[in-house]
Each structure stands twice: as C-alpha cells, then as structure tokens.
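Morning, everyone. Please look at the model on the screen, and follow along as I go from strand to strand.

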Amino acid sequence: VHVYFMPATGGNCRFGQYNVFLKNMIRKQKMKNLAVWSMDTQNSYTGLGVKFNKLVLKAAIISDVMYDMKNAIKALAKDRVKALTVFDAEWKKILHCLVNKGRHLESQLEKTAHTLKGLALKYPIEQAKVVALMGEIYVRRDDFCCNSIIERLAEKGFIVKTAPVLEWLHYVDYLVKRKIIQSNFSVSGKIEFFFKQRLQHKYEKGIKETLSASGLYCDDTVSMEEIIRFGKHLISEQLTGESIVVVGAALKEIMHSACGVINVGPFACLPSRIIEAILSSNMNLKTKMEIEGKHGLNPEDNHEFAFLSIEVDGNPFPLLMDAKIEAFCLQAERLHKKIVSGAN
C-alpha cells in the first residue's frame with residue numbers, strides 16, 4: 001500500500017485543489033492500494049509526531065539550501081560541468097543519510113560543505129548578482145516550469161535564489177499563532193506544534209550555518225515577522241496565501257540580498273495576479289523607504305526596482321517575454337552596480 005503525501009490549504013489558491021485532482025484521478029483510473037494523505041494549514045501540517053517532524057524539517061531545509069547552492073554553481077563555477085558532477089555526488093550522499101532516518105546526517109553536511117568549498121569559482125558569492133525567484137508555492141520549485149529561467153539568468157551571471165519551502169511553514173505557523181486561521185489542535189497537537197516551531201528554528205540556523213561554509217550560500221534565516229511587516233503595508237494580513245508573503249519578501253529582499261525579483265505562477269493564478277498588480281506600482285525605492293520608516297527622499301533619487309511577473313507552464317516563452325527578461329536583466333545589473341558602489 002502506498003500513501004501519496006500532498007499538503008493542502010484553504011483560501012483562493014489552487015494549492016488546495018491539487019490533492020482533490022489526485023484523489024479523483026486515482027478513483028477514475030481505479031488504481032489499487034494507493035491513497036492521498038493531505039494535511040492542511042489549520043494544524044500547521046502537524047499530526048505525524050515529533051520524531052517524524054524532525055526528519056521532514058531537516059529534509060526541507062537541506063533541500064532549500066542545496067537548491068540555491070546548485071544555482072550558485074551554475075552561475076559562478078569556472079568548470080560548470082565538473083562542479084555539478086561533484087555537487088550531484090554530494091547530494092546523493094545526503095539523500096542516503098535521509099533514507100537511513102538521518103543517520104550521520106550532520107557529519108555528512110560538514111563533509112559536503114568542505115568538498116564544495118574546493119570548487120573553483122569566478123569570484124566569491126558575496127560579489128555575485130542575485131535575483132530572488134518567488135511566487136506560487138509549487139511552481140517556484142518546479143524544474144519543468146522554472147529551469148529555463150534559472151538557466152538563462154545563470155548564463156548572464158545571475159544566481160537565482162528561490163523562495164524556500166520553509167518560508168511557507170513559517171507563514172503557516174505565523175497564521176496559527178496569531179489566530180488568523182482557526183486551529184483545531186488537541187492537547188497533544190498543541191505540544192507537537194510547540195516543539196515543531198522550536199525544532200524548525202534550531203535546524204534552520206544549524207543547517208544553514210554548516211552549509212554556508214561551502215562558499216556557495218549566504219546564511220539568511222527566514223524572518224516571517226519582517227516579511228509580514230513589509231507586506232502588510234500594501235495588503236491585509238487577513239487575505240491569507242502567497243500574496244502577502246511574496247509582496248513582503250520582495251520589498252524586504254530587494255537591495256538587501258537581491259538586485260531583482262521575479263514572481264512566477266501558473267496560468268491565471270489569482271494570488272499571482274494580485275502580486276503582479278501590487279508590485280508593478282510599488283516595487284520602487286520610495287515604497288521601500290516608507291516601510292522602513294525613512295523619509296526625506298529626493299523625488300529625483302527615486303527609481304523602479306527590477307521586477308518581472310511570469311506565468312509559466314514549461315512551454316517556451318514567446319518573443320515578448322524574452323524581451324522582458326532581457327530588459328529585467330539589464331535593470332537588475334544596474335541596481336547591482338549601485339549596491340556594490342554604495343558598499344565601497
């Protein structure tokens with residue numbers, strides 16, 4: 001018997017419909033010994049016990065970091081083919097540890113960081129041009145949809161930093177703690193939720209610190225309070241979903257760890273359309289400074305940040321989108337130069 005784990009959520013997003021589609025397909029195809037197990041945001045995806053949560057949280061955090069490290073290799077490695085071969089070998093070793101219930105995982109992460117540190121880079125990651133890729137929770141981490149974007153930007157020397165899965169887990173915890181969504185915890189569920197939060201922060205800090213020693217990742221933990229602070233200036237906390245998270249993260253990250261932001265989503269995705277509408281007119285220095293509480297900006301110094309919203313489904317982009325990507329890269333490069341010159 002196989003159980004397919006497909007998380008769900010409420011609200012106006014198709015995220016809540018993926019599990020429905022799978023259940024209907026299993027029923028129509030009369031597949032035997034196969035079921036879909038969906039946990040949702042109301043219980044913050046708890047219910048499988050602290051022991052199980054430990055391994056899942058570690059796996060999610062490691063996956064987030066390694067994904068960004070692979071994108072860094074694509075943009076920075078002197079010998080890209082050789083570097084990716086080394087990376088894939090290390091990734092298999094980490095997966096082997098996870099399959100064996102996390103045995104020797106910490107020591108393997110240290111070995112991986114040491115091995116990857118030996119890769120020859122064109123220049124240090126601190127000097128690299130970074131573009132933040134955000135948007136719909138599944139699409140932004142789907143290679144079939146986003147790989148062409150990542151490859152194209154890597155060819156131009158940009159590292160694509162993808163919004164992590166962990167960001168969504170932090171967001172769901174935020175909603176539950178502030179009772180924006182009503183949880184249905186039992187007593188044991190409340191205890192599990194408490195320990196899950198503690199472990200989440202502990203593992204995130206430890207794993208990111210370990211893997212950042214590779215020189216392919218800049219340690220940057222998720223601060224959901226800060227993301228929401230930047231987002232609720234433009235969108236209500238009560239409108240739950242990716243919209244406020246992406247809007248807040250985009251304005252938080254720009255000029256800090258990114259010189260451009262790309263929002264991706266599936267065709268006709270409502271949250272993605274909301275994000276595009278809001279950021280198209282607010283992705284600028286004036287809005288960022290207002291949120292940060294800085295005033296007195298000279299109108300002549302205000303400028304638009306590099307922002308691009310794309311609906312992706314894996315198909316080749318039309319010529320118009322190709323042109324938009326080129327313009328986005330030029331704008332992001334200009335901002336990167338300003339950030340570097342300002343730091344010096």
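Start with Gly260: its bridge partner in β6 is Ala306. Next to that pair, Val261 stands opposite Phe307 in β6. Altogether, 6 bridges join β5, residues 260–265, to β6, and the two strands run parallel. Two strands pair if DSSP finds at least two bridges between them. Strands here are DSSP runs of E with at least two residues, helices are runs of H or I with at least four, and both are numbered from the N terminus.

A word on the source. This is a predicted model: local features need pLDDT of at least 70, side-chain atom pairs count only at pLDDT 80 or more, and totals for chains, interfaces and linings use all residues. Residues are numbered from 1 along each chain as its sequence is written, and side-chain values use heavy atoms, with hydrogens and water left out.

Back to β5. Gly260 is also the bridge partner of Val131. Val131 belongs to β3, residues 129–135, which 5 bridges join to β5, again in parallel.

Now the whole sheet. It is open, has 4 strands in the order β4-β3-β5-β6, and the pairing is parallel. Which strands are at the edges? They are β4 (158–162) and β6 (306–311), and each pairs on one side only. Neighbouring strands are turned by 25° against each other on average, direction ignored.

Helix α10, residues 270–282, packs on this sheet and touches β5 and β6. Its direction makes about 160° with that of β6. Such angles run from 0 to 180 degrees between N-to-C directions, and the axes are lines fitted to C-alpha atoms, for helices over the stretch in contact.

Is β5 buried or exposed? 6 of its 6 residues are buried, so β5 is largely enclosed by the rest of the structure. Buried means under 20% relative accessible area, exposed means over 50%, and partly exposed is in between, with a 1.4 Å probe and protein chains only. Both faces of β5 are covered. Gly260, Ile262 and Val264 are on one side; Val261, Asn263 and Gly265 are on the other.

Two of those residues come back in the largest nonpolar core. A nonpolar core is a set of buried Ala, Val, Leu, Ile, Met, Phe, Trp, Tyr and Cys residues, joined through side-chain atoms within 4.5 Å. This one has 65 residues, and Ile262, Val264, Met283 and Ile310 touch the most other members. Helix α9 (242–253) gives the largest share, 7 residues. A second, separate core has 34 residues, including Ile61 and Ile125.

Look at Ile310. Leaving aside neighbours within four places in sequence, Ile310 has contacts that include Ile149, Ile262, Val264 and Phe317. Contact means heavy atoms within 4.5 Å.

Next, a helix pair. Helix α6 (165–177) and helix α8 (224–231) pack at an angle of about 80°, with their axes 10 Å apart. They are therefore roughly perpendicular, a label for angles of 65 to 115 degrees; under 35 is roughly parallel, over 145 roughly antiparallel, and the rest oblique. Tyr171 and Tyr174 of α6 are among the residues making the contact, as are Ile227 and Ile228 of α8.

Last, two lysines. Lys30 has a positive phi of about 55° although it is not a glycine. Lys30 lies in the loop between α1 and β2, and at 70% relative accessibility it counts as exposed. Lys101 has a positive phi too, about 60°. Lys101 is in the loop between α3 and α4, and is exposed at 71%.
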